[in-house]
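I opened this notebook to record a few lookups made in one structure. The entries follow the order in which I made them.

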Amino acid sequence: MSAETKSPAKNKPLPTQAQVVIIGGGVIGCSIAYHLTKLGWKDVILLEKAQLTAGTTWHAAGLVVTPSGDELSVELSTYTVDLIKSIEKETGQATGFKDIGYLQLACTPDWLEERRRMAVAARRLGVNYQEISPKEVKEMWPLANTDDIIAGFFTPEDGRVNPVDFTMALAKGARMGGAEIYEDTEVIGINQKNGCVTGVITPRGEITAEIVVNCAGLWGREVGKMAGVNVPLQAAEHYYLLTEPIEGVHPDLPIIEDFGRYSYFREEVGGLLVGFFEPVAGPWATNGIPKDFAFGELKPDWDRMMPYIEIAMERIPILRDTGIHKFFCGPESFTPDGGPLLGEAPELKNFFVAAGLNSLGILQGGGVGKIMAQWIVDGYCPVESLDIDIARCFKFQGNQHYLTDRTVETLGLQYQLIYPNFANETARDLRKTALHDRFAKAGAFFTEGMGWEIPDWFAPEGKEAKIEAYSWGRQNWFGYLAEEHKACREDVILMDLTSMSKIFVQGYDAEKVLNKICANDVAVPVGKVVYTQWLNERGGMEADLTVTRLAEDKYLIISAGDFYTHDMLWLKKYIPADAHAFVTDMTSAYTLLNIQGPKSRELIQRLTTADVSKEAFPYMTAREIDLKYASALALRVTFEGELGFELYIPTEFSSHVYDALLENSEGLGLRHAGFQALNSCRIEKAYREYGYDMDNQDTPLEAGLEFTVKFDKPGGFIGRDALLRHKESGPLKYRLVQFLLEDPEPLLYGNELIYRDGVNVGYLQTGAYGFTLGGAVGMGFVENEEGATKEFINSGKYEIDIAGNRYPAKASLTPMYDPEGKRVRS
């Protein structure tokens, strides 16, 4: 390392206090330090246990590429590209960026469909993502075998950067802004008091700090443990091969990504660098990272990797006759779901995490630094947070055996075609409901979510519950789903929703604190179910759930299991310390059976002596009822748009109630149904789902949920003033709309573009097949700067773009199925 890039603070005495201490001097840590100084925070100290870029940054391949159908990913990567270009001028530190172009290959019909779907979305986000012919691919890359290529997808502005130089530029910019960087300074402990971080401990002394940021990369989980914070990431072997010089290879060759061969190619010193994202990876350091590891290499596993090398050589045949200069193996860290771990830790106030970038640290490093700096300064996430917030994680995901087994799969997901009904195959059979074996016997195909084994659909008797082949079209279970959907609409279904979060809030102040947190009014009579959102101070939605009053001092909260950690944190954050209100997780205490359909009342009535008539048990109420020998809490609610009941059964009585339901279902057409049916029914009914149709950047106004907001209730609620200002500021700029394709053949999955009178006005958030309506249905936000008024939305002619083909569609602000809600109240 040159004298210019060494930290000038390296040999200075360590300060005893700072506003922010950042742990880790890789690209993420340096980026956060740089961006904090840009926001005016000068009292920033970065501590690096070895030297800057140690761990994973120094050996990154340096690909800087933007195409993605995901809005946040494009935002992170495009900002990073822009920063790479500008920071060199700002600091005088070269970054080595070259805009050589980025070329992705589609070699199967399904990959072509996926790339075309993504291309439409990427172009909407400003990415110059061009479909080119195999002939054009050959012209760009004469050494490539193009015989099997159907199409290429090219982004000319993308390229490569020198990871070390980029990081040094960020570090220099941070110092220029007032931050101090100390190398050879390992953090060996985290100080905290009353649930809040207070500083760090190093061999050179302690530093008191208001905020600590864990950017320790490979060591992120270990640093988290020091603080009592779960940071579920695991290192894995990550490979690239460097060849001897090859005639015809030059620095201006575009980067190639070949998903089907799990490999990418770029020029390196006249030869090629061939990198790998193999589908079966090798976890590393499962017993802990060696203490002195910094710029180390790992011993390559030639036997495991040789089949992937041979496959890659099929794309560039000259590689078979080219000498190998080096087969490099270095560690990269991966998370259980492939998303980064960002934000304030649920366990410890003012302790932030920015780790687990899944080999995308250089590509997204600039954007992550910007977002994290804003998050730290403003106290909230400035972007859609659901897929990046560390608060989505569960404690079990930090277990070593779980991480080891899951990481075998997660590295390769970077190059795997992810279909809409994808589910991880590793680290399964972890959380099973009390009725798992009964559902398996009934033909359930299980997907996975939050560690739960969840019935996704059911195979009929005599058919094996398996996916014969993933595809963008109708898979083998599509017909089974149609029957489940029909049964929900015409007869009755039984569905397992046990994975939903179930939370008690109890105490004399339960009503008071919940009414402050909830946008709707929960000061209701005992037995009333309230649908509500939780809002942040800006009026954006943080949760979408039901609150049921069980007693004067007791409420039951039901929300999606995905957001359990987040929801518990939200309650902890907003229930005052002196309030007589106590939160208890009851998720595992109850089996939740969902009984839906026009014959659901008759089925329930056969098991109970209670009167479950419309008059005695109206919509959105709850009561305890007997079910044969057992008792259960029944909620008269639906997420499918039908007459229905949710049964909360103490776990030990689950089998008895399940068996009784089946035994007493003769003549009712009872079918088991899975989450695919739930999704198709609820989208057909235009019921919103948080995390899919809407997120923390949307308000109830845009989502069409103003009816759940009680602006005038005594005491107000969190976010009321911001939401009221938004309401009074003029017409909404965008609104959630339901769409139905006129052609019954195409399928919708979400992320398809919406066209109004030939102009793009948004994209679908979700999609499914509306069997009752007779075509694919979806929901998406329609945008109009002058106002997404009812007149604007109803007056346009709509088309939905699917992989570059546009299909006419009907649009509606009200549900197309049962618009007056007569069925749910019947």
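The entries below concern a buried glutamate, the cysteines and a strand hairpin in a predicted model.

**Entry on E278.** I first looked up where E278 sits, and found it in the loop between β15 (271-276) and α7 (302-313). I then checked its exposure: E278 is buried, with a relative accessible area of 0%. For a partner to its side chain, I found R304, which the E278 side chain meets in a polar contact of 3.2 Å. I also listed the residues that E278 touches, leaving out those up to four places away in sequence: E237, Y239, Y262, R304, M305, Y308, L411 and G412.

**Entry on the cysteines.** I searched for disulfides and found 0 in the structure. I asked why C381 forms no such bond. The closest cysteine sulfur, that of C393, lies 14 Å from the sulfur of C381 and is therefore too far away for a bond. I noted that C381 is buried, at a relative accessible area of 6%. C518 also counts as buried, at 0% relative accessibility.

**Entry on β19.** I next examined strand β19 (residues 444-449) and found 6 of its 6 residues buried. I recorded both faces as covered, with A444, F446 and E448 on one side and F445, T447 and G449 on the other. I then looked up the pairing: β19 runs antiparallel to β20 (residues 452-458), and 6 bridges join the two strands. In this pairing, F446 stands opposite P455 of β20. I saw that the two strands form a hairpin with 2 residues between them. In the turn, I noted a positive phi of about 55 degrees for M450.

Note on methods. Residues are numbered from 1 along each chain as its sequence is written. This is a predicted model: local features need pLDDT of at least 70, side-chain atom pairs count only at pLDDT 80 or more; totals for chains, interfaces and linings use all residues. Side-chain values use heavy atoms; hydrogens and water are left out. Helices (H or I, at least four residues) and strands (E, at least two) are DSSP runs, numbered from the N terminus. Buried means under 20% relative accessible area, exposed over 50%, partly exposed in between (1.4 Å probe, protein chains only). A polar contact is a pair of N or O atoms within 3.5 Å; within protein, one must be able to donate a hydrogen and the other to accept it, and residues adjacent in sequence count only if both atoms are side-chain atoms. Contact means heavy atoms within 4.5 Å. A disulfide is a pair of cysteine sulfur atoms within 2.5 Å. Two strands pair if DSSP finds at least two bridges between them.
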